[in-house]
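Work through the exercises below with the structure open. Each task is followed by its solution.

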Amino acid sequence: MLVLGLDSSTQSLTAVVLDAASGRVVHQRALNFDRDFPQYRTRNGVLSHADAAIVHAPPLMWVAALDRILDELKDIVDLSQVAAIAGSAQQHGSVYLRGSFPEVLAGLRPDAPLVDQLAGVFTRATAPIWMDSSTAEDCRAIDAALGGPLETQRVTGSAAYERFTGPQIRRFARSEPGAWQATGHVRLVSSFLASLLAGKPVGTDWGDGSGMNLLDLATKRWHQPALDAVSPDLARRLGDPVEPWTVLGTISPALAKRYGFVATCRIVPWTGDNPASAIGLGLARDGHCALSLGTSDVLFAISAARPAMPPAGHIFFSPTGDHMALFCFANGSLAREAVKDEHKLDWAGFSEALGRTAPGNGGRLMLPWFRPEIVPKVLKAGVVRANLKPGDADADCRAVVEGQFISMRLRAKAAGITPSALRATGGAATNLAILQIAADVFQCPVRRSNVTDTAALGAAVRAAHAIDRAAGWDRLVQQAVEPQLGEAVMPRRDFASIYALLAQEYAALETRELASRG
Ligand code: XUL
């Protein structure tokens, strides 16, 4: 028996097929949006806009990618053996659909491309995604309606954040009231794609739902005052929140026929890429922590009890139902790449530069705000350099990476998180020089996963869990995840005091800079 996990991230769609009994990865493949779907004109998976704060992507591109990857898979894997499908997607992005969405899904035909059948169903051709920071006004309004940012955070797990879905929906509703009136359904990227597979609109799981500023963490239901602060009559457009491990139903008959799935193939709710990655990295227990070094850099930790978070942090739910403390940094790979490109290096050259420079970088520091930053909140991009000479490529490479990890360490400390070990995923986790800096800054061992997309692996493990809950997370993780972990990169204790000092200097520089920006 097989299970399928899919991950629709910012830049690509990945599929992982697992043998459910042994946990062995049978097949893995990925499509890159820019390369494989040039007709949608994205760059790094997003559409450019004259206003840098506005970042959208075309939902039809995600549909085209889902159609293509299933079509390719059917020629390689016997899809009739797939007992369940789960998935994950970039968090926070929202898709706006006509009232006819259920009929369109129910009426899908097996013989025509999905994009042709769905083209008319959107009330908004593009979907705002997590990189969008255009909703400052909406955040203020939501926080004010709920009694201030701390109260919004207490109820929903996060203060109102620009990229979160509640503020994004609010902006759309007030700036395009006609299109909003025509909108019968709003879904996250995750619940939109799950709806296609299920052949009916499905609800949003708690894990991804907690990235909306709309879910009451205590009741796991929508928080009516938050809905009211966004738009009247929002609840019916969202559908009910769903348990992450529930089975939503069986696959759409049209898709079963199109790709050769059996009619009984179960559809499990999709979640966010970070909650799915938590499982794909084996974070099934209280206290487990990980770094995801992708388009965004993310630090997350699993906590059975609700963690006390500083204002910049978020509390989501992991697929096990535990809490998941999370900090998301917009300047992840993008910032590393900007430094690499500025000095005309390739990744090998970048790593050599890290090797040539000493931990602590002689006190040279960078606040790597190449684009608006989420943590700390920086709405206008602008890199800050201290003691760095222009053109010093080696020092710049170390400064960007050290700055990123020091910033993470500061937030972790503020949340009472002191990792005793870290797991790492994302493109940059393949770079041992970068992982060594993470180990030195956090002063703990770091193990990376050898799987390119741990969210897709986590999704496949979730599919296996949904069909055999008795197996329990520990056994599934042991079988499917542990064999994929690489050797630990060990911290060098000699550098503990250097990084303690540098962290203080970084914090002081950041405080000064934020104060000067007002
Ligand atoms: C998390 C966040 C990003 C996206 C990236 O809050 O915004 O990590 O999930 O896909």
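A polar contact here is a pair of N or O atoms within 3.5 Å. The model is predicted.

**Exercise 1.** Find which residues make polar contacts with oxygen atoms of the ligand, and state how much of the ligand the protein covers.

Solution.
1. Begin with the backbone: a polar backbone atom of Q91 is 3.1 Å from a ligand oxygen.
2. Turn to the side chains. In H92, an N or O atom of the side chain is 2.7 Å from an oxygen of the ligand. For D273, the distance from a polar side-chain atom to a ligand oxygen is 2.4 Å.
3. Compare these distances with the cut-off: a pair of N or O atoms must lie within 3.5 Å.
4. On its own the ligand has 290 Å² of accessible area, and the protein covers 97% of that.

**Exercise 2.** Describe the shell around the ligand by residue class, and explain why the ligand lies between the two domains.

Solution.
1. List members of the shell; among them are T10, W130, R163, N274, S296 and C328.
2. Sort the shell by class: 4 residues are nonpolar, 6 polar and 2 charged.
3. Assign elements: helix α14 and strand β17 (323-329) each contribute at least two shell residues.
4. Assign domains: because domain 1 (2-269) and domain 2 (280-518) both give residues to the shell, the ligand lies between them.

**Exercise 3.** Decide whether the residues of helix α14 are buried or exposed, and examine what follows the helix.

Solution.
1. Helix α14 spans residues 273-280.
2. Buried means under 20% relative accessible area. By that criterion, 8 of its 8 residues are buried, including D273, N274 and G280.
3. After α14 comes G282, with a positive phi near 80°.

Key
Residues numbered from 1 in each chain as written. Predicted model: local features only at pLDDT ≥ 70, side-chain atom pairs only at ≥ 80, totals over all residues. Heavy atoms only, no water. Buried < 20%, exposed > 50% of the residue type's maximum accessible area, 1.4 Å probe, protein only. Helix = DSSP H or I, 4+ residues; strand = E, 2+ residues; numbered from the N terminus. Near = heavy atom within 4 Å. Polar contact = N/O pair within 3.5 Å; in protein donor to acceptor, adjacent residues only side chain to side chain. Areas by Shrake-Rupley, 256 points an atom, 1.4 Å probe, with all protein chains shown as cover. Nonpolar A, V, L, I, M, F, W, Y, C, P; charged D, E, K, R; others polar. Domains from an automatic or database assignment.
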